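Please examine the fold presented below, beginning with how its helices and strands are arranged. The discussion that follows proceeds from one element to the next.

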Amino acid sequence: QCMFWDVTQRKKVEEQLAFERDLLRALLENVPDRIYFKDTESRFVRCSRALANRLGLNIPEAVIGKTDYDFHPEKDAREYHEDEQRVVLTGESVVNKVERQTANDGQPIWASVTKVRFRNRAGMTTGIIGISRDITALKHAEDVMIRARELAQDTAQLKAQFLATMS
């Protein structure tokens, strides 16, 4: 007597799942943007290597179960938490919000932050996905341009005053 089961479909599903997992792992390991997943209580579920480095962690798994209060000054952590809770409760995403943050060495840095909620297959909100891009160099260039414009305006005003005085 012999019994067998056709497991072709199961094997296809397992291969597809492995492929999806590999894609997520590649994304989280290689993208320079800081990516994270949090539950509805704003506790980290998973994060990218870039975010782990930004937070001073050796491995991304060290973030699991922690909140922004474990890594940031209270004022900043409160702002991040409030944004996330608003996203969870209302479903309104935060898109490209410019945030002033504090680096591990205490220096100010700037980030463009996007936060969106995610849902399970039943449609229930189960947390948020966040992406943070370092725009510190862009902000510094913007500051330099503003100072240069102000200097040019001051120079033009002085020149106009000089010419008015000379005439």
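In this predicted model, helix H1, formed by residues 8–30, lies across strand E1 (34–39) and E2. Its direction makes an angle of about 120° with that of E1.

Both strands belong to an open sheet of five strands, in which the order is E2-E1-E5-E4-E3 and the pairing is antiparallel. Strand E2 (44–47) and strand E3 (94–102) occupy the edges; each has a single partner strand, and therefore one side of each is left without a neighbour in the sheet. From one strand to the next, the twist averages 25°.

At the E3 edge, the partner is strand E4 (residues 108–119), which runs antiparallel to E3 and is joined to it by seven bridges. Within this pairing, Arg100 stands opposite Trp110 in E4. In general, the strands of a sheet pair through backbone hydrogen bonds, in either a parallel or an antiparallel manner.

A further helix, H3 (residues 74–90), lies across E1, E3, E4 and strand E5 (125–134). Relative to E3, H3 runs at about 165°. H3 comprises 17 residues and reaches 24 Å from its first C-alpha to its last, close to the 24 Å expected at 1.5 Å a residue.

Which residues of H3 are buried? They are Asp76, Ala77, Tyr80, Asp83, Glu84, Gln85, Val87 and Val88. The elements that cover these buried residues include E1, E3, E4 and E5. An α-helix has 3.6 residues a turn, so residues three or four places apart point the same way. Just after H3, Gly91 adopts a positive phi of about 80°.

How values were computed
Residues are numbered from 1 along each chain as its sequence is written. This is a predicted model: local features need pLDDT of at least 70, side-chain atom pairs count only at pLDDT 80 or more; totals for chains, interfaces and linings use all residues. Side-chain values use heavy atoms; hydrogens and water are left out. Two strands pair if DSSP finds at least two bridges between them. Helices (H or I, at least four residues) and strands (E, at least two) are DSSP runs, numbered from the N terminus. Axes are lines fitted to C-alpha atoms, for helices over the stretch in contact, and angles run from 0 to 180 degrees between N-to-C directions. Contact means heavy atoms within 4.5 Å. The expected span of a helix is 1.5 Å times one less than its number of residues. Buried means under 20% relative accessible area, exposed over 50%, partly exposed in between (1.4 Å probe, protein chains only).
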